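Me: I am new to this structure and would like a close look at one part of it. Could you pick a helix, walk me around it, and then show me what lies further along?

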Amino acid sequence: MKSSSNNSGISRRQFLAVTGAVLAAPTLIPASALGRGGATAPSERITLGVVGWGMQGPSNTDAFLREKDCQVLTACDLDQNHLQAAMSRINGHYGTSDCKSYKDFREMMARSDIDAVMLAVPDTWHALVAVEAANNKKDIYGEKPLARTIAEQQAIVQAVQKNQRIWQTGSWQRSVANFHKAAEIVRNGMIGKITRVEIGLPEGPHDESMHKHLPGTTPPAELDYDTWIGPSRMVPYIEKCVHAHWRWNYNTGGGQLLDWIGHHCDIAHWGMDCDSSGPLEVEGQGVFPPHDAMWNTCTKYRITAQYPKDIEMVIAGGYDDIKGGTKWIGMDGWVWVSRGNAFESSNPEWADARQLPEQLRKVKLYESSNHIGNFLDCVKSRKPTITPIETAHHSAIPGHLGYIATVVGRKIKWDADKEVIIGDPEASKLLTREFRGPWKLS
């Protein structure tokens, strides 16, 4: 493991270099199989384990494979077909057969020769896997939203802080130039006092065939379904409720709202200087399929949050008046930003430059042009990443509170310092959930 900035002494790799000790000599990897800059000495590479090979795991792993100062040593998945695909991809890249496969993430986390992990698992698993990683002194690249509930997010934050781990969230938009420029314009007061923020997210799927109850079937032999469902309530296996589709049922995911809140709300908070704060009040409305439907997450939603300094935030999916992306509206102008290098503003001159002129950058935001590379650099330097654990937590809170307000059907009041809902026991119960045994957060 890596030594933290607060620890004295030398790192594991430095110790091995000084003493000449050999635990397990790694295979020499051809320079052509490594990323930018060519070969790096094996003792200097960050060793990585990957957990999850569904939608996000392969692309995240490909990004790590391109980095010269990283070597992927292990892969973990509960689906044998996915696991085999992971092994083929990783070993094929290096031209070796050294990558070790795991079905139990706890066994992988226990390895002392793994420095960091990439986690790309369903929301229901985020807290259990991340806490296990942190307690085993692994640095973590984790996906958004931070966890299935606010209480689970709090558990991850505590574990990462207690163990002094480096955390990077997959909120990669902060490492893209147009988002950085837009947020800096806002933070430097160029639109005046912020009065309103609009966050446009995708609406949920409208497949009527999935908005009804269907009986389950026998899980395929290659999938350990009992473990896959994990801490969630046990339900019959339905093919279109696992793997890429788990996010459409509240038993395992949070729908489009929670799937995307860690992207565009993350950028909104960056411009608002709210990475360590949150709203005061939240209310919402949504269109829900039947509770027992295979896909029961909101298809259409609109959430309004009141922030300090009289700022109103609107988060919406499926409403034409809220454009996809992030828009800050101030007393002296506005800025809108989204993917595909999309950028619009009240001042056309702002669109011309890649970033603000130096004389206007009184507030300079953290800069990164490579989200994965930033994580690896911070693993080595022990400095915070561009999307650290506290930022991930606060970026997702408005989505969680919006869901809760929509479910209970009334405005809720939030104490951002204590992280509690004020005066509403029914709503407060939704800050957490009951875990199916034997799973529990330690």
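Reply: Happy to help; here is a walk that starts at one helix and moves outward from there. Please keep in mind that this is a predicted model.

Let's begin with helix α3, which covers residues 80-94. Its 15 residues reach 21 Å from the first C-alpha to the last, close to the 21 Å expected at 1.5 Å a residue. At the start of α3, Asp79 offers a side-chain oxygen that comes to within 2.8 Å of the backbone nitrogen of Asn81. At the other end, Gly95 sits just after the helix and has a positive phi of about 70°.

Which residues of α3 are buried? They are His82, Leu83, Ala86, Met87, Ile90, Asn91 and Tyr94. If you look down the axis of α3, these buried residues fall within an arc of 150°, so they line one face of the helix. As for partners, the buried residues of α3 pack against β1 (46-51), α2 (56-65), β2 (70-76) and β3 (100-102).

One of those partners, α2, is a good next stop. Helix α2 is mostly covered, with seven of its 10 residues buried. Those residues are Gly57, Pro58, Asn60, Thr61, Ala63, Phe64 and Leu65. They pack against β1, β2 and α3, and also against β4 (116-119), β5 (139-142) and α10 (371-381).

From β5 you can follow the chain onward, since the loop between β5 and α6 holds Pro145. The peptide bond leading from Lys144 into Pro145 is cis, with omega near -10°.

Now for helix α6, residues 150-162, and two helices that it meets. With helix α5 (residues 126-135), the axes come within 9 Å and cross at roughly 10°. The two helices α5 and α6 are therefore roughly parallel to each other. On the α5 side, the contact is made by His126, Ala127, Ala130, Val131, Ala134 and Asn135. On the α6 side, it is made by Glu152, Ala155, Ile156, Ala159, Val160 and Lys162.

How do α6 and helix α11 (residues 389-408) lie relative to each other, parallel or antiparallel? Their axes come within 10 Å and cross at roughly 175°. Helices α6 and α11 are therefore roughly antiparallel to each other. Here α6 brings Ile150, Gln153, Gln154, Ile156, Val157, Val160 and Gln161. Facing them in α11 are Ile389, Glu390, His393, Ala396, Ile397, His400 and Leu401.

It is worth pausing at Gln153, a residue of α6. Gln153 is buried, with a relative accessible area of 0%. Leaving aside residues up to four places away in sequence, Gln153 touches Leu146, Ala147, His393, Ala396, Ile397 and His400.

In α11 itself, have a look at His394. This histidine is buried, with a relative accessible area of 11%. The side chain of His394 reaches the backbone oxygen of Glu390 at 2.8 Å. Not counting residues up to four places away in sequence, His394 touches His269, Cys274, Asp275, Ser276, Ser277 and Glu419.

Another residue to find is Asp273, in the loop between α9 and β8 (281-287). Asp273 has a positive phi of about 60° although it is not a glycine, and at 51% relative accessibility it counts as exposed. His243 also has a positive phi, about 50°, without being a glycine. You can find His243 in the loop between α8 (225-229) and α9 (255-272), and it is partly exposed, with a relative accessible area of 25%.

Two stops remain. Ser345 belongs to strand β13 (residues 342-345) and counts as buried at 14% relative accessibility. Its side chain reaches the backbone oxygen of Asn347 at 2.7 Å. Apart from residues up to four places away in sequence, Ser345 touches Trp334, Val335 and Trp350. The C-alpha atoms of Ser345 and Gly200 are separated by 16 Å, with these positions 145 residues apart along the chain. Finally, Pro438 lies in the segment after α12 (425-429), and the peptide bond from Gly437 to Pro438 is cis, with omega near 5°.

Methods: Residues are numbered from 1 along each chain as its sequence is written. This is a predicted model: local features need pLDDT of at least 70, side-chain atom pairs count only at pLDDT 80 or more; totals for chains, interfaces and linings use all residues. Side-chain values use heavy atoms; hydrogens and water are left out. Helices (H or I, at least four residues) and strands (E, at least two) are DSSP runs, numbered from the N terminus. The expected span of a helix is 1.5 Å times one less than its number of residues. Buried means under 20% relative accessible area, exposed over 50%, partly exposed in between (1.4 Å probe, protein chains only). The arc is that of the directions from the helix axis to the C-beta atoms. Contact means heavy atoms within 4.5 Å. A polar contact is a pair of N or O atoms within 3.5 Å; within protein, one must be able to donate a hydrogen and the other to accept it, and residues adjacent in sequence count only if both atoms are side-chain atoms. Axes are lines fitted to C-alpha atoms, for helices over the stretch in contact, and angles run from 0 to 180 degrees between N-to-C directions. Angles under 35 degrees count as roughly parallel, over 145 as roughly antiparallel, 65 to 115 as roughly perpendicular and the rest as oblique.
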